[in-house]
Every structure is written in C-alpha cells, then in structure tokens.
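Me: I have a model open and would like to learn how to read its features. Could you walk me through them?

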Amino acid sequence: MPDPRARRGIRHPWTALLTAAAAAVLAGATSMAAVGDWVTDAPQRVLARLGFYPDPLTGLIRPPHPTTIRLVLAAVDGDALDRAIGRSCRGATARPRADQ
C-alpha cells in the first residue's frame, strides 16, 4: 500500500496506522471513533507489535491521535487496500503447512 501522505510532518509509519485500524476492527470497533479510541487506549506492547516506534528519549510510544486515524482511513484507497489484503491472504494460504 503506497503512503499518500506528504513527507512533512509524518510521525507514525503508514503500515502501523493501517495495521492498528485493522486490529481495532478485529477487536470489535464499528466506527471511526471507536477505532481511534481503541488505538489511543492500546497498551504500549500492543502499539510496539503493530509497528509504532518508541520515542528515543523516553522509550514510550505515543499513540496516534484519533483524528490521525480518521484522516488515514479517509486517505486510503479502499480498492487498493482490498487488493493488498487479498494478495496477502492468498499468499498465506498458498504456503504449505509445516506438517505436510
């Protein structure tokens, strides 16, 4: 998924933002506000696993503001995201299992 944002002012990785939104939906978020709240309330270890970076001085991950999540979701090309997820799922199912 290409990042449509201008380079100036980017604080959070594009893939981390998209992954966090997907995780929020999988956890039951049903609106943009709920997705933003879920990401804001996520524990540090979850944010780290989703791909967010800690502050080099404090070591803490500052979660994105709910408005950032809303803007990211508004900027994403839904068709391109659907194709990327489809490719990823096909790639995951095409791999042989370890026990075969």
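**Reading the model step by step**

Reply: Happy to. Let us begin with a single residue: Ala75 has a relative accessible area of 40%, so Ala75 counts as partly exposed. Ala75 sits in helix α4. Its C-alpha lies 9.1 Å from that of Asp3, although the two residues are 72 apart along the chain. Please keep in mind that this is a predicted model.

Me: What is the overall make-up of the chain, in helices and strands?

Reply: There are five helices and zero strands. Going along the sequence, the pattern reads α-α-α-α-α. Of the 100 residues in the chain, 25% are buried.

Me: How do I read the contacts across the sequence? What share of the contacts between residues at least 6 apart joins residues at least 24 apart?

Reply: That share is 56%. One example of a pair far apart in sequence is Trp14 and Val72: they are 58 residues apart along the chain, with 8.2 Å between their C-alpha atoms.

Me: Is Trp14 buried or exposed?

Reply: Trp14 is buried, because its relative accessibility is 5% and the cut-off for buried is under 20%. Trp14 belongs to helix α1. For contrast, try Asp41 in helix α2. Asp41 has 61% relative accessibility and therefore counts as exposed, since exposed means over 50%. The C-alpha atoms of Asp41 and Pro63 are 8.2 Å apart in space, with their positions 22 residues apart in sequence.

Me: How should I describe two helices that pack together?

Reply: Two packed helices are described by the angle between their axes and the distance between the axes. Take α1 and helix α2, which covers residues 32-41: their axes come within 9 Å and cross at roughly 105°. The pair is therefore roughly perpendicular, α1 to α2, because angles of 65 to 115 degrees fall in that class.

Me: Which residues of α1 and α2 meet?

Reply: From α1 come Ala20, Ala21, Ala23, Ala24 and Val25, and from α2 come Val35, Trp38 and Val39. Sorted by class, the residues of this contact are eight nonpolar, no polar and no charged.

Me: Val25 is in that list. What is its relative accessible area?

Reply: The value for Val25 is 48%, so Val25 is partly exposed. Val25 is part of helix α1. Its C-alpha is 6.7 Å from the C-alpha of Val35, and the two residues are ten apart along the chain.

Me: Can we read another pair of helices in the same way? At what angle do α1 and α4 pack?

Reply: Helix α1 packs with helix α4, residues 66-75, at an angle of about 95°, and their axes are 10 Å apart. These two helices, α1 and α4, are therefore roughly perpendicular to each other. On the α1 side the contact uses Trp14, Leu17, Leu18 and Ala21, while α4 supplies Thr68, Ile69, Val72 and Leu73. The classes in the contact of α1 with α4 are seven nonpolar, one polar and no charged.

Me: How do people find pockets in a model?

Reply: Rolling a probe the size of a water molecule over the atoms shows where empty space is left. In this model, the largest pocket has a volume of about 320 Å³.

Me: How many residues line the largest pocket, and which lie nearest its centre?

Reply: The lining has 14 residues, and those nearest the centre are Leu18, Thr19, Ala22, Leu81 and Ile85. Two elements give two or more residues to this lining: α1 (14-26) and α5 (78-94). The largest share, six residues, comes from α1.

Me: What classes of residue make up the lining of the largest pocket?

Reply: Eleven are nonpolar, three are polar and none is charged. Now look back at Leu18: this residue takes part in the contact of α1 with α4, and Leu18 also lies among the residues nearest the centre of the largest pocket. Ala21 is another residue to revisit, since α1 uses Ala21 to meet α2 and also in the contact with α4.

Technical notes:
Residues are numbered from 1 along each chain as its sequence is written. This is a predicted model: local features need pLDDT of at least 70, side-chain atom pairs count only at pLDDT 80 or more; totals for chains, interfaces and linings use all residues. Side-chain values use heavy atoms; hydrogens and water are left out. On a 1 Å grid over the protein atoms alone, a cavity is a set of points where a 1.4 Å probe fits but cannot get out, and a pocket is an open set with protein on both sides within 12 Å along at least five of seven lines; lining residues have an atom within 4 Å of a point. Grid points are joined across faces, edges and corners, and a volume is the space filled by probe spheres set on the points. Helices (H or I, at least four residues) and strands (E, at least two) are DSSP runs, numbered from the N terminus. Ala, Val, Leu, Ile, Met, Phe, Trp, Tyr, Cys and Pro count as nonpolar, Asp, Glu, Lys and Arg as charged, and the others, Gly among them, as polar. Axes are lines fitted to C-alpha atoms, for helices over the stretch in contact, and angles run from 0 to 180 degrees between N-to-C directions. Angles under 35 degrees count as roughly parallel, over 145 as roughly antiparallel, 65 to 115 as roughly perpendicular and the rest as oblique. Contact means heavy atoms within 4.5 Å. Buried means under 20% relative accessible area, exposed over 50%, partly exposed in between (1.4 Å probe, protein chains only).
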